[in-house]
Structure formats: structure tokens, C-alpha cells
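Student: Hi! Could you walk me through this fold before I get back to the bench?
Tutor: Happy to, let's have a look together.

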Amino acid sequence: AAESMDFVVSVDAIFLAGKRFQEAFQEAYRVLRPGGWMVLTDLVQREGASAAQMATVHGALPLGANSLRTVATYQSNMQALGFDAGVFQSHASNLPVHYAGIKAALQAARKNGSVKDLSSSFLDKIVKDLSSAFLDKMEANLTTLSTAPVACIDWGTFVFQKIA
């Protein structure tokens with residue numbers, strides 16, 4: 001219901017909205033009460049990253065070219081809706097560990113047919129339901145993301161408040 005929530009959380013999902021990027025923020029605005037908070041983590045493109053730097057990264061993402069936006073783009077979109085300017089806390093140093101960990105879990109699941117050390121039925125299902133070619137590409141893309149230069153991508157936490 002409209003203006004019924006105090007808090008909206010999104011974890012690594014907004015950048016995957018593609019052309020519906022703005023709609024995701026509009027929905028958060030719609031459901032938040034005045035003074036409510038939106039906290040999200042996302043993969044973003046650094047200001048000044050060149051198209052050449054981003055080509056490999058975009059190739060590793062499901063939406064392809066131009067799927068990442070900058071921190072400034074997030075902030076301007078949120079302000080246009082009626083949120084404050086927000087803050088962004090970079091956690092870019094965690095990117096290699098994060099994506100390498102996902103890749104290791106995927107490889108273990110493929111080798112063993114299950115992820116025994118993780119409570120992840122999701123990876124178990126992926127291993128059983130997707131083709132080897134798709135999983136090979138997924139592993140390659142995870143390698144790309146875990147080794148991408150921090151000069152072109154960032155990952156972190158945004159906090160925005162709906163202006164009362």
C-alpha cells in the first residue's frame with residue numbers, strides 16, 4: 001500500500017533493472033512513508049570510466065552495454081523523486097572477494113552436484129537446471145567481475161531518506 005513502509009532494502013538488484021531502473025526507485029518512493037529510508041547496495045560505474053574500460057565489465061553483466069550507472073545518476077534520480085541527496089559508502093575492496101567467493105561456491109556445486117558447506121538450494125538448483133555452456137560463461141563472468149579494475153567499477157551502500 002502507498003506510504004505504508006518505513007524502510008526499503010535492495011541488495012544488488014537495482015542495476016539489474018535495466019530500462020526499468022527509474023521504476024524501481026518510483027516504487028520505493030510510493031511505498032515509503034514521508035521520512036522513510038531506502039538502503040541499497042549496488043554495483044556502479046565510476047565517474048570518468050571510459051567505454052573501453054567498461055566494455056569487458058558490461059560483457060560480464062546480464063544486461064550488457066551501459067547497464068551500470070554512476071553514483072551521481074542514482075543520487076539525481078532519487079532527488080528528482082523527492083528523496084534527499086543520499087550518501088554512498090564504497091566497499092570496492094570487497095568486490096574481488098565477493099565475486100571470487102560466488103565463483104568458488106559455483107565450482108564446488110558443479111563438482112559435487114551440491115553445495116554442502118553453504119545453505120544454498122539456489123546454487124544446487126542452478127547446477128541441476130542450467131546447461132554446462134551457461135555455467136561456463138557464468139564462471140568466466142565471475143572471474144571478470146572479481147578482477148575488474150577498481151578504476152572503472154565500484155560497489156557500495158546507498159542510504160536515501162524520503163523527504164517529509
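Tutor: We'll go from the overall layout to the core and then to the aromatic rings; keep in mind that this is a predicted model.

Student: OK, how many helices and strands are there in the chain?
Tutor: The chain has six helices and four strands. Along the sequence they come in the pattern β-α-β-α-α-β-α-α-α-β.

Student: And what share of the residues is buried?
Tutor: Of the 164 residues, 41% are buried. As for the surface, about 8800 Å² is exposed, with carbon and sulfur atoms supplying 58% of that area.

Student: Which residues have the most contacts inside the largest nonpolar core?
Tutor: That core has 35 residues, and the ones with the most contacts inside it are Phe-25, Met-38, Leu-43, Val-57, Tyr-74 and Ile-153.

Student: Which element gives the most to this core?
Tutor: That's β2, which contributes five residues. Other elements giving two or more include α1 (21–31), α3 (71–81) and β4 (153–161).

Student: Let's pick on Met-38. What is it in contact with, leaving aside its neighbours within four places in sequence?
Tutor: Among its partners are Val-8, Ile-14, Phe-25, Ala-28, Met-78, Phe-83, Phe-158 and Phe-160. In general, nonpolar side chains in soluble globular proteins tend to be buried together.

Student: Switching to aromatics: how many aromatic pairs does the structure hold?
Tutor: It holds eight. Take Phe-21 and Tyr-74: their ring centres are 5.1 Å apart and their planes lie at 85°, so this pair is edge-to-face. Phe-21 is in helix α1 and Tyr-74 in helix α3, so the pair ties together parts that are 53 residues apart in sequence.

Student: Are those two rings buried or exposed?
Tutor: Phe-21 counts as buried at 4% relative accessibility, and Tyr-74 is buried with a relative accessible area of 0%.

Student: What about Phe-158 and Phe-160, stacked or edge-to-face?
Tutor: Their planes are at 15° and their centres 5.7 Å apart, so that pair is stacked. Both Phe-158 and Phe-160 are buried.

Student: Which residues do the ring pairs link into a cluster?
Tutor: The cluster consists of Phe-21, Phe-25, Tyr-29, Tyr-74, Phe-83, Phe-88, Phe-158 and Phe-160.

Student: Last one: which charged ends sit over rings there?
Tutor: The charged end of Arg-69 sits over the ring of Phe-21, 4.0 Å from its centre. Over the ring of Tyr-29 you'll find the charged end of Lys-162, 4.1 Å from the ring's centre.

How values were computed
Residues are numbered from 1 along each chain as its sequence is written. This is a predicted model: local features need pLDDT of at least 70, side-chain atom pairs count only at pLDDT 80 or more; totals for chains, interfaces and linings use all residues. Side-chain values use heavy atoms; hydrogens and water are left out. Buried means under 20% relative accessible area, exposed over 50%, partly exposed in between (1.4 Å probe, protein chains only). Accessible areas come from the Shrake-Rupley method with a 1.4 Å probe; for residues, only the protein chains shown count as cover. A nonpolar core is a set of buried Ala, Val, Leu, Ile, Met, Phe, Trp, Tyr and Cys residues joined through side-chain atoms within 4.5 Å. Contact means heavy atoms within 4.5 Å. Rings of Phe, Tyr and Trp (its six-membered ring) pair if their centres lie within 6.5 Å; planes under 30 degrees apart count as stacked, over 60 as edge-to-face and the rest as tilted. A charge sits over a ring if NZ of Lys or CZ of Arg is within 6 Å of the ring centre and within 35 degrees of the ring normal.
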